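Open the model in your viewer and keep the selection panel at hand. The stops below go through one helix and then the strands around it.

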Amino acid sequence: MITIYKSIDGKLTTVDRIEDNTWVNVIRPNERELQELSEETGIPIDFLADPLDIDERARIEMENGALLVVLHTPVRNEEEDMDDVPFTTLPVGVIIKDRFIVTVCLKPNDIIEHFALSRVKNFRLHDRSRFAIQLFHHTAVLFLKHLKEINRKTNQLETELHKSMRNEVLIKLLNIEKSLVYFMTSVRANEIIMTRLQRGDIIDLNEVEKDLLEDTVTENLQAIHMTKIYSNILSGMMDAFASVISNNLNVVMKFLTAVTIILQIPILIASVYGMNIELPLQHNLYAFTILGGCSIILSLFGVWIFIKKKWI
């Protein structure tokens, strides 16, 4: 799907054709749409197709007067199941030409929608370099927002683990840990791109844009530090709960072993008096009561020894 936006009377409006100072938003296009857009704009077909690869790396590239910037943005998994990762990342391609700007993405995401719905302050289509920097800035802010939500989810799952050591909770924690790995890889890749933009040899920036880019770098660094902290906390918590589960298993096995040993006392007495030979008390009228009482007394004595030794 290809949507063309233009600012008319200060409002972002969709138009039918590409003009000066327009924004072409490309979401999940087919091959025919990519080919037609490439022929109309003169943008290399690779620039339009590469950001559609979910594993595309963040990078900057220039060809035929077109500048391609690929950044990674966070994406929430709306259909989250137990086996799904709650947050992943998605590449977004920003192609800057002298007359217009093009964004390419495999699926709709919050960053693009914020711009399309005019929720971004000081968003001007004629300032294409500022548009690219604002995309980076809102991406960094969205990373921070999702990281706070990840921390909240982790705290909830930790509370559930204190109540019940269920595999489902551990699997959810593992999926959150995967999300943090995706986030760390993406924010580090975005940091490299922003560092290159700060040099000023790729895009000419004015003082306002330089300040915005510096703020963006700061937000991204904060996202890196928060991802590190949450990842370390989650790894430590997973290790701690793994030790707790192992310790609980040892306690259960120790208790079952003690019960088995205690039960061997009456079993031993019964097996001895089950032999077909001459045995003491076999002609006694109260033999069963005496043997039963001895079994109970010896079993209770064994329990007392185990309790005294703190084995149960």
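Start with Gly42, just after helix H1: this residue takes a positive phi of about 80 degrees. The coordinates come from a predicted model.

Next select H1 itself, residues 31-41, and color Glu33, Leu34, Leu37, Ser38 and Thr41, the buried residues of this helix. They lie on the same side of H1, because the arc they cover around the axis is only 130 degrees. Now add Glu31, Arg32, Glu39 and Glu40, which are exposed on the other side of H1.

Go to the start of H1 and show the side chain of Asn30. One of its side-chain oxygens comes within 3.2 Å of the backbone nitrogen of Arg32.

What do the buried residues of H1 pack against? Select strand S1 (2-8), strand S3 (22-27), helix H2 (45-49) and strand S7 (100-105); the buried residues of H1 pack against these elements.

Keep S1 and add strand S2, residues 11-15. The two strands pair in the antiparallel sense, with five bridges. Two pairs to label are Lys6 with its bridge partner Thr13 in S2, and Ile8, which stands opposite Lys11 in S2. S1 and S2 form a hairpin with two residues between them. Select Asp9 in that turn: its phi is positive, about 55 degrees.

Finally, hide S2 and bring back S3. S1 and S3 run antiparallel and are joined by five bridges. Label Thr3 and then Asn25, its bridge partner in S3.

Definitions and conventions: Residues are numbered from 1 along each chain as its sequence is written. This is a predicted model: local features need pLDDT of at least 70, side-chain atom pairs count only at pLDDT 80 or more; totals for chains, interfaces and linings use all residues. Side-chain values use heavy atoms; hydrogens and water are left out. Buried means under 20% relative accessible area, exposed over 50%, partly exposed in between (1.4 Å probe, protein chains only). Helices (H or I, at least four residues) and strands (E, at least two) are DSSP runs, numbered from the N terminus. The arc is that of the directions from the helix axis to the C-beta atoms. Contact means heavy atoms within 4.5 Å. A polar contact is a pair of N or O atoms within 3.5 Å; within protein, one must be able to donate a hydrogen and the other to accept it, and residues adjacent in sequence count only if both atoms are side-chain atoms. Two strands pair if DSSP finds at least two bridges between them.
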